[in-house]
Amino acid sequence: MEHSDNKLPAWRAALVGVIAVAAALAAGHLVAGVLDANSSPFLAVGNTAIDITPAPIKDWAISTFGTADKLVLLSGMGVVLLGIAVLAGLLSRRSVTPGTVVAVVIGALGVIAVMVRPDLGQLSILAPVASLLAGVGVFRWLHRLAHGIEESADRRRFMQVSAGVVTGIGVAGLGGQLLAVRTDVDGSRAAVGPLTPAQPAPAVPAGADFAPATPRFITSNRDFYRIDTALSVPKVLAEDWVLRIHGAVDKELTLSYADIRNRPLVERAVTLCCVSNEVGGDLTSTSNFIGVPLGDILADAGVKPGADQLFSTSADGWTCGTPVADVMERGLLAIGMNGEPLPVEHGFPARMVVPGLYGYVSATKWVVDMEFNRFADKEAYWLKRGWAARGPIKTQSRIDTPTGVANGPKVTVSGIAWAQTKGISKVEVRADGGEWQQARLAAEVSLDTWRMWQIDMELPPGDHTIECRATDRTGYTQTDVKADPVPDGATGWHSKTISVR
Ligand SMILES: Nc1nc2c(c(=O)[nH]1)N[C@H]1C(S)=C(S)[C@@H](COP(=O)(O)O)O[C@H]1N2
Ligand SMILES: [Mo]
């Protein structure tokens, strides 16, 4: 019996909305688990949001939240969705129609988000469709039961069905999660075994490290900064991975993981840096990368002289344009990091590493396609969003310690400096705009890595502003002119206020 004059209590209406939205998410997650984790409508909406967010907001998010940017986005979406669910319920206290309309609109958004994802197949549409049907169906079902409550038996029935649906949500959600990890990328990675380079990187000399005042010279795989647009990490098995090399080449190549692994492997210490790194920021890390020089692989393909861009694409459809000259001279197709196969978040099974270029123009993770063309022909992901086509890393330095309060009058100030491919020849430090003083430099490991520095300064008690600046081996001293990360990397001297007692 429908009582259209009969209003649902607010809490019950809100509960119906929230359970319906949860059912929609769980149903989508379950189907996505079978198909592709990224077809889960929640993730697809998040991934689409990342792609269509105006560049300034995205840049702000990366510089504010760094590696936590994804968690912040997903949590924010969860809160918004919860609000919509409550609202949809409250709008439907009299009639089921307004809530149904809201459910259909949100469901349709999920469908559209999955349809526009470049990396998802046709079948993936089934996940958001399951969400839409579950959301609308559960909403109307529970609403009808809630609206029909006249005696305690009706109330009991409503509560029983709600509890049953909530249990179903739990089972579907968990099932989807288990199915999603069924793509056993960890197993594939473990099966690779240790990677032993034919040409290991020289051991890091003892004098290269000023840790713990600065980061360790080699960043552990765990601590290595992570930046990418992937909400759910692409799961590519080594045994399934193929790399296609095509475009302006004499001979197209299709390489398997074994093809790469069976070549003589080299190991190189490289400091990667994100273009979004603010002056003083922490989006930079150093690793011993293991792989094959791209120049060797590309010699087999024969790159035609007219091509100036290596346009690479990842398994999840992210794209990157790298100058051919840099790739030929220094590029690495990396499969290992610090003795292990690449961690999944850092590009397993294979990624590009080109010392001297910011990550967005060089460091494609989960790389599956390399096309040779011209920069004028094809624009990569971040270029369409206002970043520069060329991204050579700028000479930079950072103060790490002390932080906050230091005991004086002798204060040891430490930090790092980097000028990949050029090398660091000098770091200077000053307090309160006074004379520049030259810091001690740690042993140089490679021109492609950061270099630690340290200096003892005499500082009276009180607050002091410390600044640093690096000079690279070309003789260039980093500019004091402040520039934002957009479009091609931040500039300016890092300055830090410390309190000496
Ligand atoms: N597939 C893919 N590769 C990518 C990106 C991405 O979004 N997707 N981001 C790039 C950027 S901007 C940087 S700075 C580096 C970071 O590499 P890391 O996460 O291993 O530190 O990866 C690059 N490679
Ligand atoms: Mo980046």
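1. Start with tryptophan 318. In this predicted model, the side chain of tryptophan 318 has an N or O atom 3.4 Å from an oxygen atom of ligand 1. With the cut-off for a polar contact at 3.5 Å, that pair falls within the limit.

2. Two other side chains are worth a look here. Histidine 346 places a side-chain N or O atom 2.7 Å from an oxygen atom of ligand 1. For arginine 351, the distance from a side-chain N or O atom to an oxygen atom of the ligand is also given as 2.7 Å. As for how much of the ligand is covered, ligand 1 has 530 Å² of accessible area on its own, and the protein covers 99% of that.

3. Now zoom out to the whole shell. There are 18 residues around ligand 1, and the ones that come nearest are Tyr225, Thr229, His346, Arg351 and Lys365. Sorted by class, the shell has 8 nonpolar, 5 polar and 5 charged residues.

4. And where does ligand 1 sit? You'll find ligand 1 in the largest pocket.

5. On to the cavities, a separate topic from the ligand. The count comes to 2 cavities of 30 Å³ or more. The largest cavity has a volume of about 80 Å³. It is lined by 13 residues, and those closest to its centre are Asn277, Tyr358, Gln396, Trp418 and Ala490. If you split this lining by class, you get 8 nonpolar, 3 polar and 2 charged residues.

6. Don't skip the second largest cavity, with its volume of about 30 Å³. Its lining is made up of Gly423, Ile424, Glu444, Val445, Ser446, Thr449, Trp450 and Arg451. By class, that lining divides into 3 nonpolar, 3 polar and 2 charged residues.

7. Last, the domains, handy for finding your way along the chain. Domain 1 covers 10–180, and domain 2 covers 396–500. How far apart are the C-alpha centres of domain 1 and domain 2? They lie 49 Å apart.

Conventions: Residues numbered from 1 in each chain as written. Chains lettered and ligands numbered in written order. Predicted model: local features only at pLDDT ≥ 70, side-chain atom pairs only at ≥ 80, totals over all residues. Heavy atoms only, no water. Near = heavy atom within 4 Å. Polar contact = N/O pair within 3.5 Å; in protein donor to acceptor, adjacent residues only side chain to side chain. Areas by Shrake-Rupley, 256 points an atom, 1.4 Å probe, with all protein chains shown as cover. 1 Å grid on protein atoms, 1.4 Å probe; cavity = no way out; pocket = protein on both sides within 12 Å on 5 of 7 lines; lining within 4 Å. Sits in = over half its atoms within 2 Å of the grid points. Nonpolar A, V, L, I, M, F, W, Y, C, P; charged D, E, K, R; others polar. Domains from an automatic or database assignment. Points joined across faces, edges and corners; volume = space filled by probe spheres on them.
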